[in-house]
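Below are some notes on the model, set out as numbered points. They are meant to be read with the coordinates open.

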Amino acid sequence: MTLNMKTSDTLEQTIPAQVFKAEVLSWAKRIGVEPKEIRLRLMKSKWASCSRNGRLTFNAEILREPAGFRAEAIVHELLHLKVPNHGKLFKQLMKALLTPD
Ligand SMILES: [Zn+2]
């Protein structure tokens, strides 16, 4: 038991796409946005993108990244449905959302 827990804590694991999408939806609810679609595909040079009509695409490689990294990428992209730029408001909201209570 202990050994298993330790292993899963220290090794990065690939999570299923459905788990990732559930994470995105849970953040979306918290932020108060409704993505039209969440897609995963391999991307060459970025982790995610969002289209004007609310479709989010994440690089499938993100399924192998640690939870904290995923959260940051998810919140960043979802926030763009509210704030299109990376200005002061965007940075403040990012910080507020990702700082534990
Ligand atoms: Zn951005």
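1. A predicted model is under review here. Phe-69 has a relative accessibility of 32% and so counts as partly exposed. Trp-47 is likewise partly exposed, at 33%. The two form an edge-to-face aromatic pair, with 5.0 Å from centre to centre and 70° between the planes. Trp-47 sits in the loop between strand 1 (37-41) and strand 2 (48-50), and Phe-69 in helix 3, so this pair ties together parts 22 residues apart in sequence.

2. The structure holds two aromatic pairs. The other one joins Phe-20 and Phe-58, whose ring centres are 5.0 Å apart and whose planes stand at 75°, so that pair is edge-to-face. Phe-20 belongs to helix 2 (residues 17-31) and Phe-58 to strand 3, so parts 38 residues apart in sequence are tied together. Phe-20 is buried, at 0% relative accessibility, and Phe-58 is buried as well, with a relative accessible area of 0%.

3. Both of these phenylalanines reappear in the largest nonpolar core, where Phe-20, Val-24, Phe-58 and Leu-78 have the most contacts. That core has 23 residues. Helix 2, strand 3, helix 3 and helix 4 are the elements giving two or more residues to it, and helix 3 gives the most, with six residues. Setting aside neighbours within four places in sequence, the contacts of Phe-20 include Phe-58, Ile-15, Leu-40, Ile-62, Leu-63 and Ile-74, and also Arg-70.

4. Arg-70 deserves its own point. Its relative accessibility is 7%, so Arg-70 counts as buried. Its side chain meets that of Glu-23 in a salt bridge, at 2.8 Å from N to O. Glu-23 lies in helix 2 and Arg-70 in helix 3, so the salt bridge ties together parts 47 residues apart in sequence. Glu-23 itself is partly exposed, with a relative accessible area of 22%.

5. How is strand 3 placed with respect to the other strands? With strand 1 it pairs in the parallel sense over five bridges, and with strand 2 in the antiparallel sense over three bridges. On one side, Ile-38 stands opposite Leu-56 of strand 3; in the pairing with strand 2, Ser-49 has Thr-57 as its bridge partner. Four of the five residues of strand 3 are buried, so the strand is largely enclosed by the rest of the structure. The hairpin of strand 2 and strand 3 has four residues between the strands, and there Gly-54 takes a positive phi near 90°.

6. Thr-57 lies in strand 3 (residues 55-59). It is buried, with a relative accessible area of 5%. Apart from neighbours within four places in sequence, Thr-57 is in contact with Arg-39, Arg-41, Met-43, Trp-47, Ala-48 and Ser-49. Trp-47 is thus found both among these contacts and in the aromatic pair with Phe-69.

7. What becomes of the charged residues on these strands? Glu-37 forms a salt bridge with Arg-39, the closest N and O atoms being 3.9 Å apart. A cut-off of 4 Å applies to such pairs. Glu-37 also forms a salt bridge with Arg-55, here with the closest N and O atoms 2.7 Å apart. This second pair links distant parts of the chain, with Arg-55 in strand 3 and Glu-37 in strand 1, 18 residues apart. Shared partners join Glu-37, Arg-39 and Arg-55 into one network. Each member is partly exposed: Glu-37 at 29%, Arg-39 at 39% and Arg-55 at 31%. The whole structure has four salt bridges.

8. The last point concerns the metal site. Which residues are the protein donors of the zinc ion? They are His-76, His-80 and His-86, each through NE2, lying 2.0 Å from the ion. Their spacing in sequence is H-x3-H-x5-H. His-76 is in helix 3 (residues 67-79) and His-86 in the loop between helix 3 and helix 4 (88-98), ten residues apart. His-76 counts as partly exposed, at 23% relative accessibility, and His-86 is partly exposed too, with a relative accessible area of 45%.

Conventions
Residues are numbered from 1 along each chain as its sequence is written. This is a predicted model: local features need pLDDT of at least 70, side-chain atom pairs count only at pLDDT 80 or more; totals for chains, interfaces and linings use all residues. Side-chain values use heavy atoms; hydrogens and water are left out. Donors are N, O and S atoms within 2.8 Å of the metal (3.2 Å for Na, K and Ca); water is not among the atoms, so sites may look incomplete. Buried means under 20% relative accessible area, exposed over 50%, partly exposed in between (1.4 Å probe, protein chains only). Contact means heavy atoms within 4.5 Å. Rings of Phe, Tyr and Trp (its six-membered ring) pair if their centres lie within 6.5 Å; planes under 30 degrees apart count as stacked, over 60 as edge-to-face and the rest as tilted. A nonpolar core is a set of buried Ala, Val, Leu, Ile, Met, Phe, Trp, Tyr and Cys residues joined through side-chain atoms within 4.5 Å. Two strands pair if DSSP finds at least two bridges between them.
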